[in-house]
Amino acid sequence: MISHDLMAPIMFGGLIIFLLLGYPAAFSLGAVGLFFAFIGIEMGMFQPTFLQALPDRVFGILSNDLLLSIPFFTFMGAILEKCGLAEDMLEGLGQLFGPVRGGLAYAVIIVGAILGAITGTVAASVIAMGLISLPIMLRYGYNPRVATGVIAASGTITQLIPPSLVLIVLADQLGKSVGDMYAGAIGPSIIQVALFCLFIFFLSIFRPQDVPALPPEARPKIDWKLFKKILWGIVPSIALIFLVLGTILMGLATPTEGGAMGSVGALVLAAMNKRLQKTLVWEAMTSTMRINAMVIFILIGSTVFGLTFRGVDGDLWIEELLTGLPGGQIGFLIVVNLFVFFLAFFLDYFEIAFIIIPLLAPVAEKLGIDLIWFGVLLGANMQTSFMHPPFGFALFYLRGVADKTVKSSDIYYGALPWVGLQLILVAIIIFIPETVTYFVDKPTAAFDASGPSVDPLAGVEQNEITVDSSADIERQLRENK
């Protein structure tokens with residue numbers, strides 16, 4: 001006989017075991033949720049009426065207009081991955097910065113940031129830069145660990161720079177505006193690019209042999225032809241960034257409308273580069289279909305799990321567990337970030353966002369933490385999931401396109417300093433909340449470690465998109481209890 005107090009911990013532990021055994025997240029979530037729902041009904045711990053809400057909640061997910069932006073941004077990234085834009089920018093900026101120590105690394109970081117702002121997908125950035133830049137960097141004497149590390153890290157910038165897919169998912173799970181989430185991520189994105197460039201700068205001073213400048217015979221003549229080549233890659237990209245992000249941040253378009261315009265813009269850029277072909281569009285559509293199906297099924301599975309978990313008072317168990325931590329808000333933030341960091345070794349960001357965020361958001365809100373700031377903080381933390389040796393997807397992508405002469409150990413060891421830089425960014429966001437709140441167009445306070453817990457947005461009119469998100473339904477279910 002299982003006691004009521006142990007039901008939620010056993011259910012959560014069962015889910016972790018299923019995921020560690022390698023079962024797909026969507027099916028693990030749904031199966032564990034239904035299994036414990038039936039057990040709870042038999043033992044009198046779970047009301048069968050809760051399951052009556054399941055069809056409406058699934059329909060709410062499928063009719064969520066906000067989630068429609070995910071296939072648009074995915075399609076845009078898939079088109080831009082193969083349209084030649086990355087090649088033009090990398091080649092032009094690499095030649096421009098070539099005479100400087102670490103110049104090729106600087107070019108990779110800048111291009112990674114630009115690709116992140118127009119594609120929103122890590123795979124597109126890492127694969128493009130790995131195919132183009134890695135052979136050149138190794139040819140001219142770059143340390144393999146530095147070369148692979150900067151390429152993988154620059155690709156993961158995509159996860160934090162709008163229009164990141166993870167920010168859309170976090171906004172949905174937190175019940176907040178995607179536009180505000182994008183605005184909050186601007187500051188941390190700039191800081192992360194600066195940290196990466198600063199690391200290369202220090203390497204160029206203390207270990208110049210690891211990041212040499214191009215030899216004189218390999219340096220092109222810097223003239224108008226070179227600048228024209230660079231502008232041909234950058235100007236259309238800036239225009240597309242404004243078309244997508246500018247219209248969203250200014251309130252002229254919803255994220256779904258911005259994604260639709262971005263998809264059209266990506267097709268135009270592909271046509272400008274003479275790469276718009278039937279095979280390219282078909283591959284982009286196939287990739288979009290797979291990613292979108294994965295997201296929807298994980299979200300449906302997490303909804304089944306979340307409904308049962310709240311039905312057995314798992315939300316109250318999590319709340320008591322986390323609100324009782326020493327240190328108040330700071331203690332909560334430290335424990336949560338450590339928890340998410342270690343989960344990222346085994347789960348990808350979609351799984352973390354759909355499973356963990358709905359459990360943490362109510363506790364953060366009760367502690368008076370601004371959910372926009374909290375979402376950006378966790379987004380910065382979750383991007384380390386792409387860099388964790390040996391499970392990081394960015395490392396897998398890079399291993400797949402790197403030459404066989406590049407050792408896997410070099411890729412893994414090369415990622416470690418960049419994971420450290422990403423953790424420094426997390427610490428900066430925690431201790432300097434203005435890095436997020438400064439760009440959000442309303443008065444916010446991330447947290448107050450010294451005074452009582454007060455919601456800083458209470459009574460303030462929220463300029464956000466109202467969506468029938470799963471987080472909204474979770475809160476309604478809890479209130480009805």
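**Note on an all-helix model: patch, core and aromatic pairs**

1. L198 belongs to helix α10, which spans residues 178-206. In this predicted model, L198 is partly exposed, with a relative accessible area of 42%, and together with F201, F202, I205 and F206 it makes a nonpolar surface patch of about 520 Å². The value for L198 clears the threshold of over 30% relative accessible area that patch residues must meet, so its 42% is compatible with its place in the patch.

2. As to the overall make-up, the protein chain has 22 helices and zero strands. Of its 481 residues, 56% count as buried, while the area that the chain exposes comes to about 20100 Å², with carbon and sulfur atoms supplying 67% of that area. When contacts between residues at least 6 apart in sequence are considered, 80% of them join residues at least 24 apart.

3. The largest nonpolar core holds 149 residues, and the residues with the most contacts inside this core are M137, I200, F332 and F374. Helix α6, residues 103-119, provides the largest share of the core, namely twelve residues.

4. F374 deserves a separate point. Once its neighbours within four places in sequence are set aside, F374 is in contact with F332, L333, V336, L360, A364 and I369. Both F374 and F332 are buried, and both are among the residues with the most contacts inside the largest nonpolar core.

5. The search of the whole structure returns twelve aromatic pairs. One of them joins F18 and Y23, whose ring centres lie 5.6 Å apart with 50 degrees between the planes, a tilted arrangement. F18 is partly exposed, at a relative accessible area of 35%, and Y23 is likewise partly exposed, at 49%.

6. Why does the pair of F332 and F374 count as stacked? The ring centres are 5.9 Å apart and the planes stand at 25 degrees; planes under 30 degrees apart count as stacked, so this pair falls in that class. F332 lies in helix α15 (residues 328-343), whereas F374 lies in helix α18 (residues 371-382), and the pair therefore ties together parts that are 42 residues apart in sequence. In contrast to the partly exposed F18 and Y23, F332 and F374 are buried.

7. A further aromatic feature is a cluster, for which the residues to inspect are F12, F305, F309 and W317, since these four form one aromatic cluster.

How values were computed: Residues numbered from 1 in each chain as written. Predicted model: local features only at pLDDT ≥ 70, side-chain atom pairs only at ≥ 80, totals over all residues. Heavy atoms only, no water. Helix = DSSP H or I, 4+ residues; strand = E, 2+ residues; numbered from the N terminus. Buried < 20%, exposed > 50% of the residue type's maximum accessible area, 1.4 Å probe, protein only. Contact = heavy atoms within 4.5 Å. Areas by Shrake-Rupley, 256 points an atom, 1.4 Å probe, with all protein chains shown as cover. Core = buried A, V, L, I, M, F, W, Y, C linked by side-chain atoms within 4.5 Å. Phe/Tyr/Trp six-rings, centres within 6.5 Å; stacked < 30°, edge-to-face > 60°. Patch = residues over 30% accessible without salt bridge, like charges linked within 9 Å, V, L, I, M, F, W, Y side chains within 5 Å. Salt bridge = Lys/Arg side-chain N within 4 Å of Asp/Glu carboxyl O.
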